[in-house]
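Here are my notes on how some of the helices are arranged. Please read them with the sequence and the model side by side.

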Amino acid sequence: MTAWQVEPVGLAVIVVAGVLYGLGIRSLAKRGVHWSLKRSAGFYLLGLGSFAVIEFGFLGVYSQQLRFAFTTRIALLLFAVPGLVATGKPVALAREALAGSPRGAAVLERVLESRVIGVMGNAVFGPVFALAAFSVFLTPVAGSLRASPIAQDAITVLVPLVGLILVLPLTELVVVRTSLFIAAEFMLAFVELVVDAIPGILLRLNDQILDHAGPVLGAVPGWFPSALRDQQLSGDLLWFIAEIADIPILILLFVRWSKHDRTEAKGLDDLTDEEMAALTDAHLKSFDRRPPA
């Protein structure tokens, strides 16, 4: 609890994100639009606050020396921080702030509708990416990344950014989906409960040091675990975080599925009898045109 240090790259991320969010609120205020204080608190206190605790606290301080601090830091930056940042609705704020600038709004919409956001912002990509990212902890690459100051700085910026790309399409509905696709995402999210846990389980049960990293040089605190115990703790925490992080994703997918279903039902209810008959007739004719099996 007493291990704290100010990390320059993390501080720069907080300043830039905080200033951009503040400029969005200021832009709305100039037009007489009030932005929710609850959302602002969610972004600054929960989102940026959790990021600061992770980067400047114990996990950031010992990320290079301890395996379990390194893996836990990455898992929380990927899962927890983006989810808490999303409580501030940054995409909704950006849309409203740029409403008076057609060019800026058009650029934002192009980004949100890009192929990258479309591919990464669904529950199909999430399990694959998490499995690939966490599987790195089972290789010597993890030891190299942990020992590299450049890699540590890159993790500070890139991992939360990737997490936001994965989370924001779910929380702010920036990608339009069909009912069938949403149902498929919901089913695949259950698969993610098992898939994400595999690297953590392998770290916990293996009795060999998988990252091949050497011992920590110099004087270390007496509470430092052995290399094997360090790896086991890494597996325990990674397994736990991966499982817990899937629960809010399942809730978000269920909420989105329910909203989409209500919207489709309302659209059908608003149709006249003639429009419904024409829609049914067109649907039946599509089956008639299918070639025989």
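The points below take up two helix pairs and then one single helix.

1. This is a predicted model, in which local features need pLDDT of at least 70 and side-chain atom pairs count only at pLDDT 80 or more, while totals for chains, interfaces and linings use all residues. Residues are numbered from 1 along each chain as its sequence is written, and side-chain values use heavy atoms, with hydrogens and water left out.

2. Helix α5 (residues 90-97) and helix α6 (residues 102-112) have axes that come within 9 Å and cross at roughly 150°, and the two are therefore roughly antiparallel (angles over 145 degrees). In their contact (heavy atoms within 4.5 Å), V91, A94 and R95 of α5 meet L108, E109 and L112 of α6. These residues divide into four nonpolar, no polar and two charged (Ala, Val, Leu, Ile, Met, Phe, Trp, Tyr, Cys and Pro count as nonpolar, Asp, Glu, Lys and Arg as charged, and the others, Gly among them, as polar).

3. The axes of helix α1 (residues 8-30) and α5 also come within 9 Å, but cross at roughly 45°, which makes α1 oblique to α5 (oblique being what is left after under 35 degrees, roughly parallel, over 145, roughly antiparallel, and 65 to 115, roughly perpendicular). From α1, Y21, G24, I25, S27 and L28 meet P90, L93, E96 and A97 of α5, a contact with six nonpolar, two polar and one charged residues.

4. In helix α12 (residues 197-205), the buried residues (under 20% relative accessible area, 1.4 Å probe, protein chains only) are A197, P199, G200 and L203. Seen down the axis of α12, these fall within an arc of 165°, so they line one face of the helix (the arc being that of the directions from the helix axis to the C-beta atoms).

Notes:
Buried < 20%, exposed > 50% of the residue type's maximum accessible area, 1.4 Å probe, protein only. Helix = DSSP H or I, 4+ residues; strand = E, 2+ residues; numbered from the N terminus. Axes fitted to C-alpha atoms, helices over the stretch in contact; angles between N-to-C directions.
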